[in-house]
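Reader: Please take a close look at one part of this structure, the aromatic pairs. Keep it brisk.

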Amino acid sequence: MSALMNSRGKLRGAISGFGEVAARAHLAGWRTRENIAIGAIHDPISERRHEAIRLIKNVRVYDDLELMLDGEAPDFVDVASPPGLHHQAARAALSAGAHVLVEKPLALTLAEFDELAALAAEKHRVLMCVHNWKYAPAYAAARTAIEARRLGAIRFISIDRLRTEPAGAGGSGGKWRASAASGGGILIDHGWHVFYLIHWLMGGDRPVSVSARLESPAGVEVDDLADVRIRFGGGALSRAHLSWRAPMRRTSALIYGERASLEIENDRVMLTDRAGKVEDLSVADMADDSYHSAWFAGVADEFEQAVTEGTDSAIASANLNQARVALMLIGSARKSSINNGVEVNLP
């Protein structure tokens with residue numbers, strides 16, 4: 001890492017897109033890392049630049065990304081703009097020689113993804129996506145139990161994400177989530193998280209097919225409800241139900257294997273074995289919110305490790321694999337829904 005650090009021994013970071021998720025979650029996470037300093041912010045909206053000046057001492061702000069990259073030459077760029085801008089911003093940052101961390105989704109199409117991955121390899125830079133739900137205490141506890149073989153071979157995973165409305169409704173976040181051009185819709189906004197979580201909890205087993213039904217309100221161009229079924233190469237099955245139409249906010253999951261089942265309800269985790277014995281594996285978490293600020297510290301730690309290890313880092317490779325699987329599932333789910341829920345084989 002030493003070759004990438006400035007004279008004070010810190011990685012110099014910049015954030016492109018200083019919306020609520022950057023201000024409320026990313027910034028706090030970066031501040032937990034002693035070897036990282038955020039010194040520059042890019043955002044075309046003046047109010048967000050003013051917010052950055054208010055929150056970060058001696059920060060330098062830019063309304064143009066290229067000017068920031070030229071003027072700052074940051075070691076890494078955290079891309080936290082709306083999804084429709086991720087590809088352009090990540091490509092510019094990689095081309096300027098920076099490592100890049102991108103808020104989900106990393107890209108909107110496989111062509112964009114493959115271009116960025118190839119550019120990162122060419123420039124010998126780390127490219128990763130923010131997969132913060134892996135650091136939710138409940139899902140981290142589930143992964144620990146699975147790795148300890150307490151459930152046996154996993155046969156089924158179900159995850160439900162129920163919301164009464166999109167995050168940031170009424171504000172700028174709600175605007176991009178309601179626009180297809182900006183990368184909105186529940187399949188991108190929540191499906192990305194659910195798909196990498198399922199792939200991760202399955203131990204990296206390869207999904208082979210997907211069937212889905214997506215729905216949109218009358219006159220709205222993006223999906224606000226998705227029901228998805230996934231079949232894996234090892235024979236396991238999974239499902240996900242995502243909704244912005246629910247009467248309450250709820251996040252739940254059911255995972256079962258040959259030996260036991262695991263139920264997650266918000267931050268409550270209960271394991272039940274074949275004999276009916278129930279064990280509470282719950283881990284205390286901060287109050288559920290749309291930005292999950294407490295979890296980004298884990299993402300920041302993972303990214304710093306990957307930069308330290310270099311572009312051949314197993315951390316970075318696993319993250320890109322999870323991201324590509326999520327993108328393939330999203331594309332195939334859309335194709336399935338257009339064709340009345342027919343099962344679609346993944347490439």
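Author: Here is a walk through the aromatic pairs, with one ring at the centre.

This is a predicted model, in which local features need pLDDT of at least 70, side-chain atom pairs count only at pLDDT 80 or more, and totals for chains, interfaces and linings use all residues. Residues are numbered from 1 along each chain as its sequence is written, and side-chain values use heavy atoms, with hydrogens and water left out.

Rings of Phe, Tyr and Trp (its six-membered ring) pair if their centres lie within 6.5 Å. Planes under 30 degrees apart count as stacked, over 60 as edge-to-face, and the rest as tilted. By this rule there are 7 aromatic pairs.

Take tryptophan 133 and tryptophan 295. Their ring centres are 4.6 Å apart and their planes stand at 70°, so the pair is edge-to-face. Tryptophan 133 lies in the loop between strand S6 (127-129) and helix H6 (137-147), and tryptophan 295 in the loop between strand S14 (278-280) and helix H10 (296-309), so the pair ties together parts 162 residues apart in sequence. Helices (H or I, at least four residues) and strands (E, at least two) are DSSP runs, numbered from the N terminus.

Both tryptophan 133 and tryptophan 295 are buried (under 20% relative accessible area, with a 1.4 Å probe and protein chains only).

Tryptophan 133 has a charged partner too. The charged end of arginine 161 sits over its ring, 3.7 Å from the centre. That term requires NZ of Lys or CZ of Arg within 6 Å of the ring centre and within 35 degrees of the ring normal.

There is also an aromatic cluster. It is formed by Trp30, Phe76, Phe296 and Phe303.

Note on methods
Buried < 20%, exposed > 50% of the residue type's maximum accessible area, 1.4 Å probe, protein only.
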